[in-house]
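User: I'd like a close look at how the interior of this one is put together. Could you take me through it piece by piece?

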Amino acid sequence: DGNPVAALKRLFGKNADIILRAAAQAYTFAWFANLALNTVFVNYVNVVFGWGPQQSGPLLVVVGLMLAVVPRFAVSRFGLELSIQLGALIFALGYASIGIFARTNSTYFFFSIMICGLGAIVVPALTALVATRASDTERGAVLGALQTLQELCGAFAYPIYGRVLAAALQESSKVPTAAPFYLASACLLITLALAKLKHLGQDETKQKSSF
């Protein structure tokens with residue numbers, strides 16, 4: 001059954017596997033956080049640093065390359081449990097550092113984005129966990145449900161992050177310019193809390209280490 005609505009019930013329904021449901025919840029917050037860069041990056045760097053597409057484009061390309069390479073190395077070396085927890089923590093710190101250290105310094109901002117790129121391994125690590133927890137007959141439908149989650153998160157993330165940044169840019173606003181990134185950081189801390197409380201990836205890591 002490839003119905004995404006039915007697959008969502010497999011993820012969040014009362015009869016869903018407990019770890020699968022927790023992984024899906026963690027994935028929701030992680031993906032929502034991940035969308036902060038896609039949503040406000042261009043406008044943020046334009047306002048704060050005066051960057052146009054020529055300056056911001058290459059940095060996004062570097063982040064994309066990191067996402068293509070780092071997860072394969074990290075997950076195979078550290079296992080799912082540590083990759084999820086470290087990824088969520090590093091990603092959260094990367095977002096927070098944008099507002100704390102990189103508000104006006106483009107060099108610090110560059111390193112903050114690199115930290116985010118490293119921490120983004122949490123997303124493919126959670127995807128791998130969901131795929132592992134699903135049965136062979138349900139795996140396709142469950143992975144389809146993750147795509148549905150991405151679309152739902154996008155429907156909320158784009159207007160929320162956009163409005164938060166717009167509020168921050170209003171004259172005399174007390175909202176910090178980096179507020180969208182602080183919000184994303186908070187979502188990642190929720191992901192980390194879920195991963196720690198539910199021991200996400202622990203069983204899969206033990207199984208791997210036993211071979």
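Analyst: Happy to. Throughout, contact means heavy atoms within 4.5 Å. This is a predicted model, where local features need pLDDT of at least 70 and side-chain atom pairs count only at pLDDT 80 or more, while totals for chains, interfaces and linings use all residues. Residues are numbered from 1 along each chain as its sequence is written, and side-chain values use heavy atoms, with hydrogens and water left out.

Let's begin with the core. A nonpolar core is a set of buried Ala, Val, Leu, Ile, Met, Phe, Trp, Tyr and Cys residues joined through side-chain atoms within 4.5 Å; buried means under 20% relative accessible area, exposed over 50%, and partly exposed in between (1.4 Å probe, protein chains only). Here the largest such core contains 66 residues, and Leu11, Tyr95, Phe109 and Leu200 are the ones with the most contacts inside it. Two or more residues come from each of helix H1 (4–12), H2, helix H3 (53–100), H4, helix H5 (122–133), helix H6 (139–168) and helix H7 (179–198). These helices are DSSP runs (H or I, at least four residues), numbered from the N terminus, with strands (E) needing at least two. H2 supplies the largest share of the core, 19 residues.

Phe109 gives a feel for how the core is joined up. Beyond residues up to four places away in sequence, Phe109 touches Phe41, Tyr44, Val45, Phe49, Trp51, Leu59, Ile98 and Ala102.

H2 is a good guide to the helix pairs. Its axis lies 9 Å from that of H5, and the two helices pack at an angle of about 155°. Axes here are lines fitted to C-alpha atoms, for helices over the stretch in contact, and angles run from 0 to 180 degrees between N-to-C directions. H2 and H5 are therefore roughly antiparallel; angles over 145 degrees get that label, under 35 counts as roughly parallel, 65 to 115 as roughly perpendicular, and the rest as oblique. From H2, the contact with H5 uses Ile19, Leu20, Ala23, Ala26, Tyr27, Ala30, Trp31 and Asn34, while H5 brings Val122, Val123, Leu126, Thr127, Leu129, Val130 and Arg133.

H2 also packs on H3, at an angle of about 160° and with the axes 10 Å apart. H2 and H3 are therefore roughly antiparallel too. On the H2 side this contact involves Ala33, Asn34, Ala36, Leu37, Phe41, Tyr44 and Val45, and on the H3 side Ser56, Leu59, Leu60, Phe91, Tyr95 and Ile98. Asn34 thus appears in the H5 contact and in the H3 contact.

H3 and H5 pack against each other as well, at about 115°, with 8 Å between their axes. H3 takes part through Pro71, Val75, Leu80, Ser83, Ile84, Gly87, Ala88 and Phe91, and H5 through Val122, Pro124, Ala125, Leu126, Ala128, Leu129 and Thr132.

Now for some single positions. Leu35 sits in H2 (residues 18–49) and is buried, with a relative accessible area of 4%. Setting aside neighbours within four places in sequence, Leu35 contacts Cys153, Gly154, Ala157, Tyr158 and Tyr161. Leu35 and Gln150 lie 115 residues apart in sequence, yet their C-alpha atoms are 9.3 Å apart in space.

Two serines belong to the interior as well. Ser112, in H4 (residues 106–119), is buried at a relative accessible area of 3%. Outside its neighbours within four places in sequence, Ser112 is in contact with Gly94, Ser97, Ile98 and Ala102. The side chains of Ser112 and Ser97 share a polar contact of 2.8 Å; such a contact is a pair of N or O atoms within 3.5 Å, where within protein one must be able to donate a hydrogen and the other to accept it, and residues adjacent in sequence count only if both atoms are side-chain atoms. Ser185 of H7 is buried at 8% relative accessible area, and touches Ala92, Tyr95 and Ala96, not counting residues up to four places away in sequence.

Last, a look at two loop positions. Most residues other than glycine have a negative phi. Ser172, in the loop between H6 and H7, has a positive phi of about 65° and is exposed, at 71% relative accessible area. His199, in the loop between H7 and helix H8 (202–209), has a positive phi of about 55° and is partly exposed, at 43%.
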